[in-house]
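Colleague: Could you take me through one part of this predicted model up close, the cluster of aromatic rings? I'm new to this, so please build up the picture around it as you go.

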Amino acid sequence: VLTSDRKITKCGKSAGLGHGPVLAGTVIPHGRPVFTVFTDAATGLVTNTSGGGANKFAGFSHHRVDNTGGIDGEKDSEYWIEDRFEYPFAALTQADVGKKVYAVDNDQLT
């Protein structure tokens, strides 16, 4: 899991924003995939890890949030939930066009 910001290029018009409380001890870098924690579905805490598939992809972070010294929900994160983005893939072919994209973690999409 990376904590560095990433420049992200939006390819569409203005994106809708979602927001949620950040998990304690977590840094949400700008321009990276973010996830909501479903181990306790009532909280909907935002984190920067997919949790091995247990956490649901929420969007791409709109700004950096550092909650490393805070408790659950002490800080809020905003993230883009609608739009088109340019994001690097390790390997992509013409056969992949139109297929679903999955977030492996906050740096890798597959």
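Modeller: Let's start from the outside: the chain has an accessible surface of about 6,500 Å², and 53% of that belongs to carbon and sulfur atoms. Keep in mind that this is a predicted model. Of the chain's 110 residues, 33% count as buried. You won't find a helix here, since the count comes to 0 helices and 9 strands. Now look at contacts between residues at least 6 apart in sequence: 65% of them join residues at least 24 apart.

Next, the sheet that holds your rings. Five strands make an open sheet in the order β2-β8-β6-β4-β5, and the pairing is antiparallel. β2 (17-21) and β5 are the edge strands, each with a single partner, so each has one side without a neighbour in the sheet. Find β6 (56-61) and look to either side of β6 in that order. Strand β4 (residues 33-36) runs antiparallel to β6 and is joined to β6 by 4 bridges; in one of the pairings, Val34 has Gly59 of β6 as its bridge partner. Strand β8 (residues 76-80) is also antiparallel to β6, with 2 bridges joining them. Over there, Phe60 stands opposite Trp80 in β8.

Now for the rings themselves. Searching the whole structure turns up 2 aromatic pairs. Take Phe35 and Phe57: their ring centres are 6.1 Å apart and the planes meet at 70 degrees, so this pair is edge-to-face. The two partners come from distant parts of the chain, with Phe35 in strand β4 and Phe57 in strand β6, 22 residues apart. The other pair is Phe57 with Phe60, again edge-to-face, at 5.7 Å centre to centre and 75 degrees between the planes. Put those together and the ring pairs link Phe35, Phe57 and Phe60 into a cluster.

So which of these rings are covered and which are open? Phe35 has a relative accessible area of 1%, so it is buried. Phe60 is buried too, because its relative accessible area is 10% and the cut-off for buried is under 20%. Phe57, at 40%, is partly exposed, because that value falls between the 20% and 50% cut-offs.

You might wonder how this ties in with the nonpolar cores. The largest one has 7 residues: Val22, Ile28, Val34, Val46, Ala58, Val65 and Tyr79. There's also a second, separate core of 5 residues, and that one includes Phe60, along with Ile8, Trp80 and Leu109. So Phe60 turns up in the ring cluster and in this second core, and Trp80, its opposite number in β8, is in that core as well.

Back in the largest core, try clicking on Val22. Setting aside neighbours within four places in sequence, Val22 touches quite a list of residues, including Ile28, Val46 and Val65 from the core, plus Leu45, Ile71 and Ser77.

One last stop, just before β6 in the chain. Asn48 sits in the loop between β5 (46-47) and β6. Is Asn48 buried or exposed? Its relative accessibility is 8%, so Asn48 counts as buried. A polar atom of the Asn48 side chain lies 2.7 Å from the backbone oxygen of Val27.

Technical notes: Residues numbered from 1 in each chain as written. Predicted model: local features only at pLDDT ≥ 70, side-chain atom pairs only at ≥ 80, totals over all residues. Heavy atoms only, no water. Buried < 20%, exposed > 50% of the residue type's maximum accessible area, 1.4 Å probe, protein only. Polar contact = N/O pair within 3.5 Å; in protein donor to acceptor, adjacent residues only side chain to side chain. Pairing = 2+ DSSP bridges. Contact = heavy atoms within 4.5 Å. Areas by Shrake-Rupley, 256 points an atom, 1.4 Å probe, with all protein chains shown as cover. Core = buried A, V, L, I, M, F, W, Y, C linked by side-chain atoms within 4.5 Å. Phe/Tyr/Trp six-rings, centres within 6.5 Å; stacked < 30°, edge-to-face > 60°.
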